[in-house]
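Welcome to a short set of exercises. Have your viewer ready and try each task before you read its solution.

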Amino acid sequence: MAKVTSSDYVMDLGSGDGGIVIAAARRGATALGIEYNPDMVAYARQAADKAGVTAKASFEKADLFETDFSKATVITMFLLPEINLKLRPKILDLKPGTRIVSNSFDMGDWKPDQTTELPDIASAWDTAYLWIVPAKVDGIWSFDKGTINFNQEFQEITGKLNLGQEVDISGSLNGNTITFTAGGRNYTGTVNGNAIIGTHDGGGAWRAAR
Ligand SMILES: C[S@@+](CC[C@H](N)C(=O)[O-])C[C@H]1O[C@@H](n2cnc3c(N)ncnc32)[C@H](O)[C@@H]1O
């Protein structure tokens, strides 16, 4: 679901037997497992050795709550709902576009961008969720000859565009990419900190800043 490639840095939070880290390393990614059980760390290191991926797969004996995972481009986890919720603020502060995949447990009211259920599996653990960390746009921006007020709930956006006359907006974020409709027009743009540059289907360009 995260479409992991060799340019990714994957971190598995609670890496257990190392299977996820080894699978990521087999795709060429650099992968790190964080695991507080030393026996599982030793087991996973041996498994990585057997799989011939020690150059790409490593394991650290650590508590995931004390781990800096800001360098990850992909985070995987198979933890518990309350752990996911406790991690959520830190995850939402990661670089926009970071992909998060969780086995079986969701993130409360942060709806997944994608859900996949494995068919024909007689297991309670048959569902995986993907979230893409959204850029932060909530608030008022100057917008060409007016203002735009984004009301952001995770990756979902509502709000008002005012170019002399106020219209409702509705849209979403996929990492740094923002798309919304306002006044019957479709807008798309790229968020870069406090600036957004984009185009709309009326054939023009738009900019917003704050
Ligand atoms: C269900 S296993 C998942 C293993 C592997 N990620 C997978 O998907 O197959 C969860 C692992 O998380 C580890 N774990 C739970 N809380 C942790 C914490 N606070 N810090 C580090 N590891 C933790 C457990 O020891 C266990 O090995």
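The exercises below deal with the domains, their interface and the ligand, all in a predicted model.

**Exercise 1. State which residues form each domain and how many Å separate the domain centres.**

Solution. Start with the bounds: the domain assignment places residues 9–132 in domain 1 and residues 139–209 in domain 2. Next, take the centres over C-alpha atoms; they are 33 Å apart. Then turn to the contact itself, to which domain 1 gives ten residues and domain 2 gives six residues.

**Exercise 2. Describe the area buried between domain 1 and domain 2, and find the three residues of domain 1 that supply the most of its share.**

Solution. As background, interface size is often expressed as the accessible area lost when the parts come together. Here, about 650 Å² is buried between the two domains. Carbon and sulfur atoms account for 51% of that area. Now look at the side of domain 1: Pro96, Lys111 and Ile132 supply 51% of what domain 1 buries against domain 2, and no other three residues supply more.

**Exercise 3. Work out which side chains form the salt bridge between the domains, and sort the residues on the side of domain 1 by character.**

Solution. Begin with the count, which is one salt bridge between domain 1 and domain 2. Its partners follow from the atoms: the side chains of Lys111 and Glu156 meet with an N to O distance of 3.3 Å, inside the 4 Å cut-off, so the pair qualifies. Polar contacts between the domains come to four residue pairs. Finally, the side of domain 1 that touches domain 2 has five nonpolar residues, one polar residue and four charged residues.

**Exercise 4. How many residues surround the ligand, and which are the closest?**

Solution. The ligand is surrounded by 13 residues, the closest being Asp12, Gly14, Glu35, Asp63 and Leu64. Now check polar atoms against ligand nitrogen. In Asp12, a side-chain N or O atom is 2.8 Å from a nitrogen atom of the ligand. For Asp63, a polar side-chain atom lies 2.9 Å from a ligand nitrogen. Tyr36 uses a polar backbone atom instead, at 3.3 Å from a nitrogen atom of the ligand. To finish, consider cover: on its own the ligand has 600 Å² of accessible area, and the protein covers 76% of it.

Note on methods:
Residues numbered from 1 in each chain as written. Predicted model: local features only at pLDDT ≥ 70, side-chain atom pairs only at ≥ 80, totals over all residues. Heavy atoms only, no water. Domains from an automatic or database assignment. Contact = heavy atoms within 4.5 Å. Buried area = accessible area lost by both parts, 1.4 Å probe. Polar contact = N/O pair within 3.5 Å; in protein donor to acceptor, adjacent residues only side chain to side chain. Nonpolar A, V, L, I, M, F, W, Y, C, P; charged D, E, K, R; others polar. Near = heavy atom within 4 Å. Areas by Shrake-Rupley, 256 points an atom, 1.4 Å probe, with all protein chains shown as cover.
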